[in-house]
Amino acid sequence: MSTNEKDNRARIAAYLSRFFPVQDLGDDDDIFELGFVSSMFAMQLVSFVEHEFGITVENEDLELEHFRSVGALDAFVTRKLSVPVPR
Amino acid sequence: MTGALTERQEQARKEFRAFTDRHIAPHADAWHRAQRTPPEVIRLLADEGLLGIHVPQEFGGGGCDAVTLGLLAGELGRACSSVRSLLTVHSMVAHTVARWGGRELKRSLLPRLARGERVAALAVSEPDAGSDAARVTTRVERDGDDFVVTGHKKWITYGESADVFLLLGRSAEGPTALLVDRDTPGLSTELIEDMIGIRASMTAHVRLDGCRVPGGNLLARPGLGVSHVVGAALDLGRYTVGWGCVGILDAALEASVDYAGRREQFGSLIKEHQLVRRMISDMYTHARAARLMCLEAGRLRDERDPGALAAASTAKYFAATAAGRAATDAVQLHGANGCGSGYPVQRLLGDSRVMEVIEGSTQLHQTGLAEYAFQEHTPRSER
């Protein structure tokens, strides 16, 4: 794992840890099974990854699998950063 | 107070004030009594580019920043909350289409929303589903490439005049959001009259009986209608309603200062009476505080900061409750004159009641905002 990937995972985990009452959020912990904490959580999460990593979450990106865990989010962000934004 | 604005934003605010002072404010009481917004007013807003002011430029809109949109909502709210609510619902739909619409839908619809050729409304509430949007029972069923929609929507702001609705229903996958044209066979509307506030807002029932909707009108994905679609719409709605409440605060303050400076009782102008001064001091303070909170929410929104959602909710909650108190005090300060229809404060009072109900009631905010506090102030040991 590169330093950059580690850094991205740490940033994602740090943000998500605000929402879930667990000491350490594992890379593969299913955040949906931990439970939503507010009705606006989904939009907060979309807003976070867009702001934090400078990407745009498109309609076609709305697979829950992309948002299910720290590891899944990291993979999603890495993929978005590696492809040009479609017009 | 203008120090937080850029030169361009301040110039836009002055232009919005001049527009609303000329075209909206002088007629607001008449529209309130008639319970109608004249179609030519909606046309004027469209022609001036105000309805599409926040639509991205790539789709023909004004592409203005969130702060500028807020300034417009504030000036419209100061003049007429009904017309402000038109900007709110139209912008909510346009924003959500830009956010979660498919490319073809964006390409075909957004330029028309930007020009105001099509005016949009949000059709979420039902007779038995208000704050709890996930409880909607309007049925959305797949039929080939289309959806078929049957249900009853209620309290739809500008539902009587809108050309297109962003509708929330329930499909096999869960809450599902679609755009539905007024002209769709099976769709009918019925004006709701004698509301307590925003009486010119053409609020209506919308009934759908087997309405066939093209699959391309889907927003986001089936099942994400509340979490992503209504979530995105409500976030912007709360922001502009918060600003609209700043406008109500301004209007209540201006009417009260004017009246207190002319009304004489017990041998002096009532502006010298201590308890009148207290009411005006509170309005003045709350108007400033609400404006600053809305400006912060706008700035965060423009920076795409995830904290913008909490800021918009907090600003809306504060501004709506402050507008309610200011309008109540403004009526009290006007005495019997405030109870009649000869002064605008009666309208402001009714409008302010609605502001505490829509886009997240005061009670929902009172129970929900604590969640943001817990997120922001998690004990260090749990981080």
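Visitor: Which residues is Cys245(B) in contact with, leaving aside its neighbours within four places in sequence?

Guide: Contact here means that the C-beta atoms of two residues, placed from the backbone, lie within 7 Å. By that test, and with the close sequence neighbours set aside, the partners of Cys245(B) are Gly77(B), Ala290(B), Ala319(B), Ala320(B), Ala322(B), Ala323(B) and Met355(B). This is a predicted model, in which local features need pLDDT of at least 70 and side-chain atom pairs count only at pLDDT 80 or more, while totals for chains, interfaces and linings use all residues. Residues are numbered from 1 along each chain as its sequence is written, and chains are lettered from A, with ligands numbered from 1, in the order in which they are written.

Visitor: What makes a group of residues a nonpolar core, and which residues touch the most other members of the largest one?

Guide: The name is given to a set of buried Ala, Val, Leu, Ile, Met, Phe, Trp, Tyr and Cys residues that are joined through C-beta atoms within 7 Å. Buried means that 20 or more other C-beta atoms lie within 10 Å of the residue's own, exposed means 12 or fewer, and partly exposed covers what is in between, the C-beta atoms being placed from the backbone. In the largest core, which has 141 residues, Leu178(B), Cys245(B), Leu249(B), Ala252(B) and Ala319(B) touch the most other members. Its largest share, 19 residues, comes from helix α7 (residues 225-260) of chain B. In soluble globular proteins, nonpolar side chains tend to be buried together.

Visitor: How do you know how compact chain B is?

Guide: Chain B has twelve helices and ten strands, where helices (H or I, at least four residues) and strands (E, at least two) are DSSP runs numbered from the N terminus. Its radius of gyration is 21 Å, close to the 21 Å that the globule rule gives for 383 residues, and therefore chain B is as compact as a globular protein of that length; the radius is taken over C-alpha atoms, and the rule is 2.2 Å times the number of residues to the power 0.38. Along the principal axes, the C-alpha atoms of chain B fill a box of roughly 80 × 60 × 40 Å. Of the 383 residues of chain B, 52% count as buried.

Visitor: Why does Asp194(B) count as buried or exposed?

Guide: Asp194(B) has 6 C-beta neighbours inside 10 Å, so it counts as exposed. Asp194(B) lies in the loop between β6 (187-191) and β7 (204-214) of chain B, and it has a positive phi of about 60 degrees although it is not a glycine. Most residues other than glycine have a negative phi.

Visitor: And why does Phe266(B) count as buried or exposed?

Guide: Phe266(B) has 7 C-beta neighbours inside 10 Å, and so it too counts as exposed. Phe266(B) sits in the loop between β9 (264-265) and β10 (268-269) of chain B, and its phi, near 55 degrees, is likewise positive in a residue other than glycine.

Visitor: What makes Phe53(A) and Thr78(A) buried, exposed or something in between?

Guide: Phe53(A), in helix α3 (residues 41-53) of chain A, has 17 C-beta neighbours inside 10 Å and therefore counts as partly exposed. Thr78(A), in helix α4 of chain A, has 14 such neighbours and therefore also counts as partly exposed. The C-alpha atoms of Phe53(A) and Asn8(A), 45 residues apart along the chain, are separated by 8.6 Å, while Thr78(A) and Asn8(A), 70 residues apart in sequence, are 8.7 Å apart, C-alpha to C-alpha.

Visitor: Which elements of chain A have the lowest and the highest mean pLDDT?

Guide: The pLDDT is the predictor's confidence in each residue, from 0 to 100. Helix α2 (residues 31-34) of chain A has the lowest mean, 79, and helix α4 (residues 70-82) of chain A the highest, 93. Chain A as a whole averages 82, and 79% of the residues score at least 70.

Visitor: How many residues does each chain bring to the contact between chain A and chain B?

Guide: Chain B brings 22 residues and chain A brings 16. On the side of chain B that touches chain A, α7(B) gives the most, with five residues.
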